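Good morning, and thank you for coming. Please look at the model on the screen while I go through chain A and the side of it that touches its partner.

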Amino acid sequence: MDRVPILKIGDVLLVSIQVDMSDQTALQLQDDLAERIVATGCHGVIIDITALDIVDSFVGRMLSTIASISKVLDAETVVVGMRPAVAITLVELGLSLNGIRTALNVERGMELIAAARYDEGGYGPDGDDADTETTAVP
Amino acid sequence: MTAGVDLGTPQTQAIRSDEDVVRVRQLVRTVAVAVKLSLVDQTKLVTAASELARNTLVYGGGGAVEVVTVDNGRRRGVRIVFDDSGPGIADLDLALTDGYTTGGGLGLGLSGARRLVDEFDIRTGVGEGTTITVTKWSR
């Protein structure tokens, strides 16, 4: 069985799916990611699906589940690089990818995760938390 | 791997494992490219095939798929037949409803696959297995 590698870049885990995953491979990735989040204490997960030529309901569910698991483990998940044809197909299939943040590429995904951490801390320049915005501390 | 698709000759693939579902996707993709479906239509067809092949495996207990190119005089297309000898589907209307599942999935496989293809035909009966035929035409 293929295993999808997980890279650590600073505070973020990066997964770039390069193979046509079997369902077992997808489930394995789900487990591996949960373990790596806990082991590394990373606060962000970026899943790059640039190389995926389809996302069916199984992979879609895997992405949603990974997002939920990482949330519980205090990490933000961003799915990046979805192809236009994949997006069109997903919508027609009826998959809404609930709870999943998306970005066009890895770079923007990184920015999204950084911004999310700021928001949570409540001291970021872009924070929408009105209560803490005026009481910024370095 | 398939090197050069012989148009008109049906290609078959057994569906007995996870890896076979991956092979079905690859086979359908190769044929869809050969009949020059657009990228979006290729993607839709391969996605539908993936859903249906998984159903054949999970609910039908395995089976086989046959992929053939078709020509109606004006357009070419890809026809895929999924066949299993599983328990069959008792309530077809219910099975085709978005969100209905007996297997713990999202319940989008059958209903979603139907939306992604141009023609969808299903023959099933309790204890008689299930045969699903889908066709996607080039635009």
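Why does the distance between the end C-alpha atoms of helix 1 of chain A agree with its number of residues? At 1.5 Å a residue, the 18 residues of this helix should span 26 Å, and the end C-alpha atoms are indeed 26 Å apart. The expected span here is 1.5 Å times one less than the number of residues. Helices are DSSP runs of H or I with at least four residues, strands are DSSP runs of E with at least two, and both are numbered from the N terminus.

Let me state the conventions. Residues are numbered from 1 along each chain as its sequence is written, chains are lettered from A, and ligands are numbered from 1, in the order in which they are written. This is a predicted model, in which local features need pLDDT of at least 70 and side-chain atom pairs count only at pLDDT 80 or more, whereas totals for chains, interfaces and linings use all residues.

Now the overall layout. Chain A has five helices and five strands, and from the N terminus on they run β-β-α-β-α-β-α-β-α-α. An unreviewed UniProt entry annotates residues 2-113 of chain A as "domain: STAS"; its positions are given in the numbering used here, feature names are shortened, and annotations may be inferred rather than shown by experiment. Over that stretch the chain is 46% helix and 20% strand, with end C-alpha atoms 28 Å apart.

At the start of chain A, strand 1 (residues 6-9) and strand 2 (residues 12-16) pair in the antiparallel sense over four bridges; pairing requires at least two DSSP bridges between the strands. I6(A) has V15(A) as its bridge partner. The two strands form a hairpin with two residues between them, and G10(A) in the turn has a positive phi of about 60°.

Let us return to helix 1. Its buried residues are D23(A), T25(A), L29(A), L33(A) and I37(A). They lie on the same side of the helix, because they cover an arc of only 155° around the axis; the arc is that of the directions from the helix axis to the C-beta atoms. The face turned away carries the exposed residues D31(A), E35(A), V38(A) and A39(A). Buried means that 20 or more other C-beta atoms lie within 10 Å of the residue's own, exposed means 12 or fewer, and partly exposed lies in between, with C-beta atoms placed from the backbone. The cover over the buried residues of helix 1 includes strands 1, 2 and 3 and helix 2 of chain A, together with helix 1 of chain B. Just after helix 1, G41(A) takes a positive phi of about 70°.

Helix 3 of chain A buries V86(A), T89(A), L90(A) and L93(A). Their arc is only 105° around the axis, which puts them on the same side of helix 3. They pack against helix 2 of chain A together with helix 2 and helix 4 of chain B. P84(A) and V91(A) are exposed on the face turned away.

Finally, the interface. Here 18 residues of chain A are in contact with 24 residues of chain B, contact meaning C-beta atoms, placed from the backbone, within 7 Å. The largest share of the chain A side, six residues, comes from helix 3.

Definitions and conventions. Two residues are in contact if their C-beta atoms, placed from the backbone, lie within 7 Å.
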